[in-house]
Amino acid sequence: MTPIQEPSFRESVDIMFNRAVALMDLPPGLEEKIRVCNATYTVRFGVRLRGQIQTFTGYRSVHSEHMEPVKGGIRYSMGVNQDEVEALAALMTYKCALVEAPFGGSKGGLCIDPREYDEHELELITRRFAYELVKRDLIHPSQNVPAPDMGTGEREMAWIADQYARMNTTDINSKACVTGKPLNAGGIAGRVEATGRGVQYALQEFFRYPEDIAKAGLDGTLDGKRVVVQGLGNVGFHAAKFLSEEDGSKIVAVIERDGGIYDPNGINIEELRAWLAKHGGVKGYPHGQYAEDGSTLLEVECDILIPAALEGVINLGNAAQIQAPLIIEAANGPVTAGADEILREKGCVIIPDMYANAGGVTVSYFEWVKNLSHIRFGRMQRRQEEARHQLVVDELEELAASTGNGWKLSPGFKDKYLKGAGELELVRSGLDDTMRIAYQSMRAVWHNRDDVTDLRTAAYLVAIDKVASSYRAKGL
Ligand code: NAD
């Protein structure tokens, strides 16, 4: 539980924002303009379910329209409230600015426990919620483009896209009204994994800089690093899977709603996820030790802690006990402002949410562009690229044969080199590039300014500067 003296999520974001703007030279009016949330729409609607009308409360908050459309996920959770949606919308503004996705910040939420409803009921509720938002242009390809967040995924995005299309039958760009759709409904390859993939790319980039690794008191590479993950949902699962399967990291603990699993030898993430899907929890998983109070596992000795579930989980109540020297905020707002201060003083390096989980919005940006251009990435170039590579391979093989000294292309080279980039390869390349460049912009501030001692403040400085430039360009 978050201790009472802790500020709310939105206040926490504001505190972090204020710390950063104190180091900038912005006119006070502009500072205030950037900080505040422009508008929050609250809707209450009824849906007839199981023979009676049930009323639901939903929100769509627009934090900043310095660029349009505005962008941000829709969350389904009982914890959704105005404060939370506004905090998340603000983070979206800064996140989009940091990774140069040309959007303002927005966020939506519905106060619902999706596990309480069957698929048909969820479709009725989602379509009704979408109807309310579409009616007010709070879902619109050029004004406001939602995406998945906690408790929602491809299925909900497909319903939303279809609802918008039904209400805007002549809009040729209707598919661009929402991202995170399934591939067959206008989605893009690699969107489901994108946020977790982005967490992996962020860590890979961090581990390219020995000075940064040393600041966290670590050394070496991701190989063999002990990782604790909280939340084995979309983001946590993909991050843990890629880090363990591709980078050699060892997932020593996974924390879920009903407790956690600890195994110092490393957890098989696919297996645990299958167990979770089948049993609705991690309890009873036959490997490792089960801890009923999962939050105790946030405090175990490890190299990297990845909170990928909810906000406020690392707070004044447990910050002092956290042993991880490196935290990467896969979730939004998992570390409160108070905890952030305690951890900074302990020398813990925090890779902040606005950067760490920006993979989702980055690939959403690619999906939106794909929808507007009405063509899959790579469709025009792929075979041409393959044909050119074939020329080189043929030439090399001919050369090798003519020398007669037994020289051959190394095994596997031909297949790899001849394969032209399809949509998935291009999406991953664009995401990797985005994550590297954004990290480099943050670390330049982190290393070059004496008054900036952490990556979060650096990220805010980069992001706020970009938003301020947009406002200035508009004459504000
Ligand atoms: P999700 O619903 O797919 O998964 C969340 C997981 O956390 C679930 O497995 C759930 O059981 C678990 N969980 C819930 N309460 C918990 C608790 N108290 N302790 C431990 N585990 C708990 O959601 P997601 O899309 O993976 O989002 C997770 C976080 O990442 C959120 O903060 C979200 O805002 C952020 N995020 C998501 C995306 C995206 O593309 N989905 C993008 C950016 C940021």
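Start with the area buried between domain 1 and domain 2, which is about 930 Å² in this predicted model. Carbon and sulfur atoms give 59% of that area. To see the two parts, colour residues 38-185 as domain 1 and residues 194-359 as domain 2, following the domain assignment of the chain. The centres of the two domains, taken over C-alpha atoms, are 28 Å apart. Across the boundary, 12 residues of domain 1 are in contact with 11 residues of domain 2.

Next, select the ligand. Where does the ligand lie relative to domain 1 and domain 2? Both domains give residues to the shell around the ligand, so the ligand lies between them.

Now show the residues around the ligand. There are 22 of them, and Arg75, Asp149, Thr195, Glu256 and Asn332 come nearest. Sorted by class, the shell has nine nonpolar, eight polar and five charged residues.

Zoom in on the oxygen atoms of the ligand and check three distances.

- Select Arg75: an N or O atom in its side chain is 2.8 Å from an oxygen atom of the ligand.
- Select Arg191: a polar atom of its side chain lies 3.4 Å from an oxygen atom of the ligand.
- Select Val235: here a polar backbone atom is 2.9 Å from an oxygen atom of the ligand.

How much of the ligand does the protein bury? Taken alone, the ligand exposes 820 Å², and the protein buries 86% of that. To see which elements give two or more residues to the shell, select α8 (234-246) and β7 (250-256).

Leave the ligand and go to two loops, where the backbone is the thing to look at. In the loop between β1 (39-49) and β2, select Arg50. What is the sign of phi at Arg50? Phi is positive there, about 50°, although Arg50 is not a glycine.

Then move along to the loop between β2 (52-64) and β3 (70-77), and select Pro69. Add Glu68 to the selection and look at the peptide bond that joins Glu68 and Pro69. Is that bond cis or trans? The bond is cis, with an omega of about 5°.

Definitions and conventions: Residues are numbered from 1 along each chain as its sequence is written. This is a predicted model: local features need pLDDT of at least 70, side-chain atom pairs count only at pLDDT 80 or more; totals for chains, interfaces and linings use all residues. Side-chain values use heavy atoms; hydrogens and water are left out. A residue is near a molecule or strand if one of its heavy atoms lies within 4 Å of it. A polar contact is a pair of N or O atoms within 3.5 Å; within protein, one must be able to donate a hydrogen and the other to accept it, and residues adjacent in sequence count only if both atoms are side-chain atoms. Accessible areas come from the Shrake-Rupley method with a 1.4 Å probe; for residues, only the protein chains shown count as cover. Helices (H or I, at least four residues) and strands (E, at least two) are DSSP runs, numbered from the N terminus. Ala, Val, Leu, Ile, Met, Phe, Trp, Tyr, Cys and Pro count as nonpolar, Asp, Glu, Lys and Arg as charged, and the others, Gly among them, as polar. Domain bounds come from an automatic or database domain assignment. Contact means heavy atoms within 4.5 Å. Buried area is the accessible area (1.4 Å probe) that two parts lose on being put together, summed over both.
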